[in-house]
Structures are given as C-alpha cells and as structure tokens.
Amino acid sequence: MENQIIKNCLSCNRTENEIPLISLNYSAKQTYICSYCLPLLIHHPEQLIGKLKGAEKIPPAQHND
C-alpha cells in the first residue's frame with residue numbers, strides 16, 4: 001500500500017474525504033480550497049492572509065450593483 005497524501009482546504013482545513021476540493025495554482029505553488037471556502041477567495045481574499053501566501057495582493061471581485 002502506497003502512502004497517499006490527503007489534501008486539505010487552505011482555509012478551513014477540511015480534507016478531500018470530507019468536502020470537494022478545487023486545485024489552486026498561485027505564485028508557482030499548488031494548494032487546494034474547498035467548495036465552501038471558494039467564495040472567500042473570490043469576494044474576500046483578505047481573509048486568507050496568513051493562509052495563502054500573497055493573498056494581500058489579490059483584489060476582490062468587483063460587483064456592479
């Protein structure tokens with residue numbers, strides 16, 4: 001049996017066995033974010049500071065209300 005690394009969400013830390021994960025490539029690194037936390041990346045990337053290197057450089061989505 002080979003050792004398999006369990007992937008987890010960069011924000012909430014839930015594993016791929018608990019919730020679907022989306023592969024994220026940023027700053028030449030691969031990480032994962034879950035379907036629940038994806039709106040944070042889109043609308044409030046500042047909440048990922050300290051969890052995703054360079055998150056402070058990501059602008060939030062623009063909304064046309």
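Is Cys12 buried, partly exposed or exposed? Select Cys12 and display its surface: the residue is partly exposed, with a relative accessible area of 30%. Keep in mind throughout that this is a predicted model.

**Stop 1: the whole chain**

Zoom out and show the cartoon. The protein has two strands and one helix. Starting at the N terminus, the order is β-β-α. Strand 1 covers 21-26, strand 2 covers 29-34, and helix 1 covers 38-43. Color these three ranges before going on.

Now switch to the C-alpha trace. Along its principal axes the trace spans about 50 × 25 × 15 Å. Of the 65 residues, 23% are buried. Turn on the molecular surface. About 5,100 Å² is exposed, and carbon and sulfur atoms supply 52% of that area.

Next, color by charge. There are 6 positive and 6 negative charges, and their mean positions lie 7 Å apart. For the contact map, look at pairs with a separation of 6 or more: residues 24 or more positions apart account for 24% of those contacts.

**Stop 2: the nonpolar core**

Select Cys9, Leu10, Ile19, Leu24, Ile33, Cys34, Cys37, Leu41, Leu48, Leu52 and Ala55. These eleven residues form the largest nonpolar core. In soluble globular proteins, nonpolar side chains tend to be buried together.

Center on Ile33, a member of this core. Leaving aside residues up to four places away in sequence, Ile33 touches Cys9, Leu10, Pro20, Leu21, Ile22, Leu38, Leu41 and Leu48.

**Stop 3: the cysteines**

Show the sulfur atoms. How many disulfides does the structure hold? The count is zero. A disulfide is a covalent bond between the sulfur atoms of two cysteines.

Return to Cys12 and draw a distance to Cys9. The Cys9 sulfur is the closest cysteine sulfur to that of Cys12, but at 3.8 Å the two are too far apart for a bond. The cut-off is 2.5 Å between sulfur atoms.

Move to Cys34. Which cysteine sulfur is closest to that of Cys34? It belongs to Cys37, at 3.6 Å, and this pair is also too far apart for a bond. Cys34 is buried, with a relative accessible area of 0%. Both Cys34 and Cys37 are in the core listed at Stop 2.

**Stop 4: Ser11**

Select Ser11, in the segment before strand 1. Is Ser11 buried or exposed? Ser11 counts as buried because its relative accessibility is 16%, and the cut-off for buried is under 20%. Show the neighbors within 4.5 Å. Setting aside residues up to four places away in sequence, Ser11 touches Cys37, Leu40, Leu48 and Lys51. Leu48 also touches Ile33.

**Stop 5: two positive phi angles**

Go to Asn13, which also lies in the segment before strand 1. Asn13 is not a glycine, yet its phi is positive, at about 70°. Asn13 is exposed, with a relative accessible area of 52%.

Then pick Ser27, in the loop between strand 1 and strand 2. Ser27 is another residue other than glycine with a positive phi, near 55°.

**Stop 6: out to Gln62**

Finish in the segment after helix 1, where Gln62 lies. Gln62 is exposed, with a relative accessible area of 70%. Draw a last line from its C-alpha to that of Asn13. The two residues are 49 residues apart along the chain, and their C-alpha atoms are separated by 27 Å.

Definitions and conventions. Residues numbered from 1 in each chain as written. Predicted model: local features only at pLDDT ≥ 70, side-chain atom pairs only at ≥ 80, totals over all residues. Heavy atoms only, no water. Helix = DSSP H or I, 4+ residues; strand = E, 2+ residues; numbered from the N terminus. Buried < 20%, exposed > 50% of the residue type's maximum accessible area, 1.4 Å probe, protein only. Areas by Shrake-Rupley, 256 points an atom, 1.4 Å probe, with all protein chains shown as cover. Lys, Arg positive; Asp, Glu negative; His and termini not counted. Charge placed at Lys NZ, Arg CZ, Asp CG, Glu CD. Core = buried A, V, L, I, M, F, W, Y, C linked by side-chain atoms within 4.5 Å.
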